[in-house]
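Colleague: I should be grateful for a close look at a single residue of this model, beginning with its place in the chain and its exposure. Please then continue from there to the parts around it in the sequence and to the contacts between side chains.

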Amino acid sequence: TMIADATIAWVDMQPTHLTEQAIRAAGPKLQWVSTLYAGLDAFPLDLLRDRRLRRIYAVNIVFQTGWDVVLFMTPIYGAQLKLSASQIGTIIACFSGATFVVRLFTRIVSRQFTPWQALLLALCVSGSASLVFGLASAVVMLMVFAFIMGLGHGVASPMSSTLMYEAAPASRMAEVLGLRTSVSMALQVAMPMGAGALGAVI
């Protein structure tokens, strides 16, 4: 329960629908509310119950993993090929530049393909370039393949955002995007650590 005409409220461990009822009952003088999540109806991970969102998050994880692999494996591969720091930086810049360039044409891509078609095409393009990237040794070819990978990864982010917007429950778009960001940040921590641990074992 909440006191009528209260100006400050602390709603402790209550599901969303009960919190809403209490806020309405408090009246127009309520100015500040602090809440804690309780129950799956108020917890962001319950978004994973939605099959469409699970698919989108899974695809996003694939692309985010690929992005992280490019950024931390390219310097290692470049050092193995005895490339200079400037050459390695140029290769990574080609990848990053492509992610920017392709987004200038997102409107055109969205007119020609559905979001899922665009994601599938991006996965095929970036995946194919990734396979041959490790076989190349010339700087120019590495730059070309890095650019192609960047094109695929650059398409993925806006297309997945579109799908999330369409699949997100009403009024929970911020949670959907926040969960995606949390997953991306977790991968940025886990991937280098996992690769380092695997390299130490091998």
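Modeller: The residue to begin with is F100, which is located in helix α3. This is a predicted model, and the description below is to be read accordingly. F100 has a relative accessible area of 55% and is therefore exposed, the cut-off being over 50%. F100 belongs to a nonpolar patch on the surface, together with V101, L104, F105, I108 and F147. The accessible area of these residues together is about 580 Å².

The setting of this helix is as follows. The protein chain contains seven helices and two strands, and from the N terminus on its elements run β-α-β-α-α-α-α-α-α. Of its 202 residues, 32% count as buried. Helix α3 itself comprises residues 85-103, and it also holds F95.

F95 offers a contrast to F100. F95 has a relative accessible area of 0% and is buried, whereas F100, at 55%, is exposed. F95 also leads to the ring contacts, for which the whole structure was searched, with two aromatic pairs as the result. In one of them, the ring centres of W67 and F95 are 5.4 Å apart and the planes stand at 80 degrees, so the arrangement is edge-to-face. Since W67 is part of helix α2 (residues 51-80) and F95 part of helix α3, this pair ties together parts that are 28 residues apart in sequence. The partner of F95 is not buried: W67 counts as partly exposed, at 24% relative accessibility.

The other aromatic pair joins Y77 and F133 and is tilted, with 6.0 Å from centre to centre and 50 degrees between the planes. This pair links distant parts of the chain, as Y77 lies in helix α2 and F133 in helix α5 (residues 115-133), 56 residues apart. Y77 counts as buried at 17% relative accessibility, and F133 counts as buried at 10%. Helix α2 thus contributes W67 to the pair with F95 and Y77 to the pair with F133.

The loop between α2 and α3 deserves a word of its own. Two residues placed there are K82 and L83. K82 has a positive phi of about 60 degrees although it is not a glycine, and its relative accessible area of 75% makes it exposed. L83, by contrast, counts as buried, with 14% relative accessibility. The C-alpha atoms of L83 and A138 are 9.5 Å apart in space, although the two residues are 55 positions apart in sequence.

A comparable relation in space involves helix α6, where L163 is found. L163 is buried, at 6% relative accessibility. From L163 to T114, the C-alpha to C-alpha distance is 9.8 Å, with their positions 49 residues apart in sequence.

The interior can be set beside the surface patch of F100. In soluble globular proteins, nonpolar side chains tend to be buried together. Here the largest nonpolar core has 18 residues. Those with the most contacts inside this core are L47, L53, I56, Y57, L119, V155 and V176. Helices α2, α5, α6 (139-167) and α7 (173-201) each supply at least two residues of the core. Its largest share, six residues, comes from α6.

Charged side chains complete the account. Side chains of opposite charge can pair when their charged atoms come close. A search of the whole structure finds one salt bridge, formed by D50 and R52, whose closest N and O atoms are 3.5 Å apart. D50 counts as partly exposed, at 22% relative accessibility, and R52 is also partly exposed, with a relative accessible area of 46%. A further contact of a charged residue involves an aromatic ring: R55 lies over the face of W116, at 4.7 Å from the ring centre.

To return to the starting point, helix α3 holds the exposed F100, which takes part in a nonpolar surface patch. The buried F95 lies in helix α3 as well, and through its pair with W67 it ties this helix to α2.

Note on methods: Residues are numbered from 1 along each chain as its sequence is written. This is a predicted model: local features need pLDDT of at least 70, side-chain atom pairs count only at pLDDT 80 or more; totals for chains, interfaces and linings use all residues. Side-chain values use heavy atoms; hydrogens and water are left out. Rings of Phe, Tyr and Trp (its six-membered ring) pair if their centres lie within 6.5 Å; planes under 30 degrees apart count as stacked, over 60 as edge-to-face and the rest as tilted. Helices (H or I, at least four residues) and strands (E, at least two) are DSSP runs, numbered from the N terminus. Buried means under 20% relative accessible area, exposed over 50%, partly exposed in between (1.4 Å probe, protein chains only). A charge sits over a ring if NZ of Lys or CZ of Arg is within 6 Å of the ring centre and within 35 degrees of the ring normal. A salt bridge is a side-chain nitrogen of Lys or Arg within 4 Å of a carboxyl oxygen of Asp or Glu. Patches are made of residues with over 30% relative accessible area and no salt bridge: like charges are joined within 9 Å, nonpolar side chains (Val, Leu, Ile, Met, Phe, Trp, Tyr) within 5 Å. Accessible areas come from the Shrake-Rupley method with a 1.4 Å probe; for residues, only the protein chains shown count as cover. A nonpolar core is a set of buried Ala, Val, Leu, Ile, Met, Phe, Trp, Tyr and Cys residues joined through side-chain atoms within 4.5 Å.
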